[in-house]
Amino acid sequence: MADKYLLRVTAGPSYDPSSHQVVAVNSGTPISIQSPLCSAEISVRIQNYRGLPRGSPSTSSYFSHPPHTHDQYSIGFSFVPHRSINGESLVFGNDFDHPIRDRIPPGFNAAFKIVKWAIDPGLEGDVYAEKPYLYGNALSSINVLSVGPKVGKEIIQYPSAGSQGDEEAIIEGGFEGGQEVREELQMPDNAAARQKWFLGGRDRLENWQWEEGRLYKADFFNPYLDFNQFALKLPGFSLKVLGYLGGEDYLRYVLKDKDTGEVLFVVVFTLLPNDQEDDGNAKTSQPGKSNTDPTAGPPDKPFEPKAEDLD
């Protein structure tokens, strides 16, 4: 059963798990990340959350906002690039360090077609590769984008700007001069229209610059990935994934420059046995990966779901 496992969410400036921090899911307090390519703050919300750190809230007031009442999770982030990145180059999505072809569940190809039809037509990748990936261009994949002012290299807080409610729910648009940036390129004000607009031609992507020193706020969310049941629930199609996970598997989201391979940040969702002793308050490593910290304890115990877990 799914309740035999706990989620742990970590995030960091690189693929190296020793650089990651545990994310306090649904806490309302973002974690700060500094990488060579950006400064970032990241918040993760998961509906019906059951995971580490133990005692974490099971939900967030974020899910009470009208646009998010049916969503299952959110990765919200603010970031300031340390160098300008062309719009065609910045991607957001999932990747792995090892092959997963032997764990791809039956029905995946059908599910992927639905995802491209219903969620992200710009999603591209190869799940059968030695290092599988599924990336979409950030300008069309990110659900909500708010453009802010030039701030240098540090994130500056603008209360309520680009967001709504006590638990920040980012809203589409611009603030402190950011709206003018959008208008100069004739970018649509509506989030869905903006996503479709950037899918309409490579020249629109190439004309956009993620500017060095400018503040951006973004939110990625959907109602389809249920972390409580470890299932993908698409329109007219449901796919349980628990039985296909193994000791080296995790779900990793990355924001990166696809042309140079440079990473801005990663967010990793790892499934652990319910009796995992780790309380989630320290830096941790992914299952099956070594921790470069010589003072660290033994690696997390990998799990192999049992047949009864598929019930």
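The exercises below work through a predicted model, each with a task and a stepwise solution.

**Exercise 1. Confidence**

Task: State the mean pLDDT of the chain, and identify the stretch over which the pLDDT is below 50.

Solution: Begin with the chain as a whole, for which the mean pLDDT is 82, with 79% of the residues reaching 70 or more. Next, turn to residues 284–311, where the pLDDT is below 50, although this stretch has 66 contacts in the model beyond near neighbours in sequence. Finally, weigh those contacts with the caution that predicted coordinates should not be read in detail where pLDDT is low.

**Exercise 2. Two sheets**

Task: Give the strand order of the open sheet of seven strands and of the open sheet formed by six strands, and name the edge strands of each.

Solution: Take the sheet of seven strands, whose order is E2-E1-E20-E19-E7-E9-E8 and whose pairing is antiparallel. Its edges are strand E2 (21–22) and strand E8 (124–126), each of which pairs on one side only. Within this sheet, strand E7 (residues 90–95) and strand E9 (residues 133–137) are joined in the antiparallel sense over five bridges, and glycine 93 stands opposite tyrosine 135 in E9.

Then take the sheet of six strands, which is also open and runs in the order E3-E4-E5-E15-E10-E13 with mixed pairing. Here the edge strands are strand E3 (31–35) and E13, each pairing on one side only. A parallel pair is found between strand E10 (residues 144–150) and E13, joined by two bridges, with valine 147 standing opposite glycine 174 in E13.

**Exercise 3. Nonpolar cores**

Task: Determine which residues touch the most other members in the largest nonpolar core, and list the contacts of isoleucine 46.

Solution: The largest nonpolar core has 47 residues, and those touching the most other members are Ile42, Ile46, Phe77, Trp210, Val267 and Phe269. For isoleucine 46, leave aside residues up to four places away in sequence; the residues touched are then Leu7, Val9, Val25, Asn26, Ser58, Thr59, Phe63, Gln72, Tyr73, Phe227 and Phe269. Apart from the largest core lies another, of 12 residues, which includes Ile100, Ala111, Ile114 and Tyr224.

**Exercise 4. The two faces of H1**

Task: Explain why the buried residues of helix H1 can be assigned to the same side of H1.

Solution: First list the buried residues of helix H1 (residues 108–118), namely Phe108, Ala111, Ile114 and Val115. These residues cover an arc of only 120° around the axis, and therefore they lie on the same side of H1. To complete the picture, note that the face turned away from this buried side carries the exposed residues Lys113 and Trp117. Ala111 and Ile114 are also among the members of the core of 12 residues.

**Exercise 5. Backbone features in loops**

Task: Locate the cis peptide bond, asparagine 48 and glutamate 176, and decide whether each of the two named residues is exposed or partly exposed.

Solution: The cis peptide bond joins leucine 52 and proline 53, with omega about -10°, and proline 53 is placed in the loop between strand E4 (38–46) and strand E5 (73–81). Asparagine 48, which also lies in the loop between E4 and E5, has a positive phi of about 60° although it is not a glycine. Its relative accessibility is 42%, so asparagine 48 counts as partly exposed.

Glutamate 176 lies in the loop between strand E13 (173–174) and helix H3 (178–184), and its phi is likewise positive, near 50°. Because its relative accessibility is 53%, glutamate 176 counts as exposed.

Key. Residues numbered from 1 in each chain as written. Predicted model: local features only at pLDDT ≥ 70, side-chain atom pairs only at ≥ 80, totals over all residues. Heavy atoms only, no water. Core = buried A, V, L, I, M, F, W, Y, C linked by side-chain atoms within 4.5 Å. Buried < 20%, exposed > 50% of the residue type's maximum accessible area, 1.4 Å probe, protein only. Contact = heavy atoms within 4.5 Å. Pairing = 2+ DSSP bridges. Helix = DSSP H or I, 4+ residues; strand = E, 2+ residues; numbered from the N terminus. pLDDT = per-residue confidence, 0-100. Arc of directions from axis to C-beta.
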